[in-house]
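Open your viewer, pick a cartoon view with side chains ready to switch on, and follow along. Each stop tells you what to select and what you will find there.

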Amino acid sequence: MKLFTDEESRRAVATDRSGHRPATLPDGVVRAATVDDVVDTLRWATEHRTPVVTRGAGTGLAAGSSAQAGEIVLDLSGMDRIVAIRPDDQVAVVEPGVLTADLDAAAGGHGLFYAPDPASSAISSIGGNIATNAGGLRCAKYGVTRDAVLGLDLVLADGRRVSTGRQTVKGVAGYDLTSLVVGSEGTLAVVVGATLRLRPRPAAIATLAAHFDDLVAAAAAASAITTARLQPSVLELVDSVTLEAVDAARGSSLRALGAAVLVVQCDGLSARAEIDAVAAVVAPFASSWRSTSDPVEAEELLAARRAGLPALERTGDVFIEDVAVPRSQLAATVAGIQEISARTGVRIATIAHAGDGNLHPIIVVERGGTVTEGPPWDAACAVFDLALALGGTLTGEHGVGLLKRTWLRRELGDDSLSLQRSIKAVFDPLGILNPGKAV
């Protein structure tokens with residue numbers, strides 16, 4: 001292993017896109033190119049009792065990969081090989097640094113696709129998606145990262161190599177360590193390889209964009225789609241604050257069409273019939289809507305959704321929240337978020353994976369302002385309160401990281417939290433893997 005200790009290298013890996021700014025820099029960074037680099041790093045860290053913060057593309061939103069003095073960063077972004085795609089088995093084997101969109105594109109050459117589709121797919125890595133159990137735009141139908149991970153190659157805190165899971169679609173031999181590691185935020189082991197499930201690329205896709213006079217009506221329409229027993233592959237909600245930012249960034253005029261937009265996509269042989277059924281459900285709520293089977297036009301509709309966060313980041317510093325609620329509570333949640341914004345005077349934009357009740361309230365502050373104290377943090381805490389009161393959770397896909405640990409006991413309870421910390425101690429008895437994060 002080679003440890004880089006110059007200030008530029010340390011500053012480049014000190015934090016992620018969460019808005020958290022560590023008070024100090026990590027002691028150094030190891031840029032791993034091979035599994036042996038990871039093994040050597042963890043053996044050294046165990047010997048010297050040095051905490052290790054594993055990092056991928058650095059796109060995390062919960063300060064899960066933030067590092068400080070006394071810690072070293074293990075950067076896996078250089079381990080970016082697609083080792084194999086086996087189309088007959090609909091399986092891919094990849095290293096953790098592979099970008100999500102690159103895997104999907106490679107699978108497309110075989111008539112397949114990788115279902116998890118975070119909005120950051122062009123810049124986020126598979127390893128990071130596994131660490132947080134990322135979801136994304138297609139999660140309404142195809143589930144989250146955990147549903148696509150068949151097996152993992154791991155390096156434990158002491159440098160031992162372990163493989164979990166399988167290469168088959170089904171398998172129940174032993175405890176499900178694969179699912180345990182997915183979403184563990186780098187606190188149990190370091191992922192150095194993954195066997196992932198691919199799916200047949202849909203024969204047809206149909207897309208609908210519906211505009212609404214207010215956000216609550218849009219959320220109610222999304223819930224009505226679920227109530228109607230329809231299951232689109234994409235069901236995304238975008239509010240007026242985000243639309244205004246997208247318009248400013250892209251020169252579009254989406255805000256003029258309404259105060260919120262719902263983008264819905266159905267796929268498969270019955271895509272057209274399904275999107276027509278969606279339109280019938282949405283029409284009573286919407287001020288206008290249109291649908292298309294043109295893939296180019298559909299991608300343009302989705303591009304506006306994907307542009308939401310980058311557009312908001314052009315307007316100030318952002319704190320991207322990540323709560324989830326029962327889908328029947330979407331309208332109550334967005335109404336509550338609007339009330340919190342009005343009461344605190346904090347600008348909050350809302351984007352949602354409405355198909356599974358996962359909302360991203362995005363707190364926007366002036367450039368250089370803080371989002372982890374004062375009114376912005378008060379607003380964030382009020383959003384956490386709201387989600388839990390409505391039967392929801394503190395995080396749907398971004399993870400607990402550093403920023404939500406103080407809230408975790410309230411959601412999990414003492415006994416569950418104690419059990420989880422005992423599991424952490426089995427995997428990492430010295431507590432050197434991403435200390436102070438997740439649990």
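Start by selecting Glu-321 and showing what surrounds it. Setting aside its neighbours within four places in sequence, Glu-321 is in contact with Leu-359, His-360, Pro-361, Phe-384, Leu-394, His-398 and Lys-404. In this predicted model, Glu-321 sits in the loop between β16 and β17 (323-324). Is Glu-321 buried or exposed? Its relative accessibility is 2%, so Glu-321 counts as buried.

**Next stop: the aromatic rings**

Keep Phe-384 on screen and add Phe-319, Trp-377 and Trp-407: these four form one aromatic cluster. The count of aromatic pairs comes to four. Look at Phe-319 and Trp-377 to begin with: their ring centres are 5.9 Å apart and their planes meet at 65°, and since an angle over 60 degrees counts as edge-to-face, so does this pair. Phe-319 belongs to strand β16 (residues 317-320) and Trp-377 to helix α13, so the pair ties together parts that are 58 residues apart in sequence. Both Phe-319 and Trp-377 are buried.

Now turn to the other side of the story for Trp-377. With Phe-384, Trp-377 makes an edge-to-face aromatic pair, at 6.1 Å centre to centre and 80° between the planes. Phe-384 is buried, as is Trp-377.

**From the rings to α13 and α14**

Colour α13 and helix α14 (residues 405-412) and look along them. Their axes come within 12 Å and cross at roughly 15°, which makes α13 roughly parallel to α14. The crossing is right-handed. Which residues of α13 meet α14? They are Trp-377, Cys-381, Phe-384, Asp-385 and Leu-388, and their partners in α14 are Trp-407, Arg-410 and Glu-411. By class, this contact has five nonpolar, no polar and three charged residues.

**On to α12**

Leave α13 (residues 374-389) coloured and add helix α12 (residues 330-344): the two pack at an angle of about 155°, with axes 10 Å apart. α12 and α13 are therefore roughly antiparallel to each other. Theirs is a right-handed crossing. To see the contact, select Thr-333, Gly-336, Ile-337, Ile-340, Arg-343 and Thr-344 in α12, then Pro-375, Ala-379, Ala-382, Val-383 and Leu-386 in α13. Sorted by class, the contact of α12 with α13 holds seven nonpolar, three polar and one charged residues.

**Then across to α7**

Stay with α12 and bring in helix α7 (residues 215-227). How far apart are the axes of α7 and α12? They are 7 Å apart, and the packing angle is about 160°. That angle is over 145 degrees, so α7 and α12 are roughly antiparallel to each other. α7 and α12 also cross in a right-handed way. On the α7 side, show Leu-215, Val-216, Ala-219, Ala-220, Ala-222 and Ser-223; they meet Leu-330, Ala-331, Val-334, Ala-335 and Gln-338 in α12. The contact of α7 with α12 has nine nonpolar, two polar and no charged residues.

**Last stop: Asp-294**

Finish by selecting Asp-294, in the loop between β15 (288-292) and α10 (295-306). Asp-294 has a relative accessible area of 35%, so it is partly exposed. Now add Ala-206 and draw a distance between the C-alpha atoms: Asp-294 and Ala-206 are 88 residues apart along the chain, yet these atoms are separated by 7.5 Å.

Terms used. Residues numbered from 1 in each chain as written. Predicted model: local features only at pLDDT ≥ 70, side-chain atom pairs only at ≥ 80, totals over all residues. Heavy atoms only, no water. Axes fitted to C-alpha atoms, helices over the stretch in contact; angles between N-to-C directions. Helix = DSSP H or I, 4+ residues; strand = E, 2+ residues; numbered from the N terminus. Parallel < 35°, antiparallel > 145°, perpendicular 65-115°, else oblique. Left-handed = near helix turned anticlockwise from the far one by under 90°. Contact = heavy atoms within 4.5 Å. Nonpolar A, V, L, I, M, F, W, Y, C, P; charged D, E, K, R; others polar. Phe/Tyr/Trp six-rings, centres within 6.5 Å; stacked < 30°, edge-to-face > 60°. Buried < 20%, exposed > 50% of the residue type's maximum accessible area, 1.4 Å probe, protein only.
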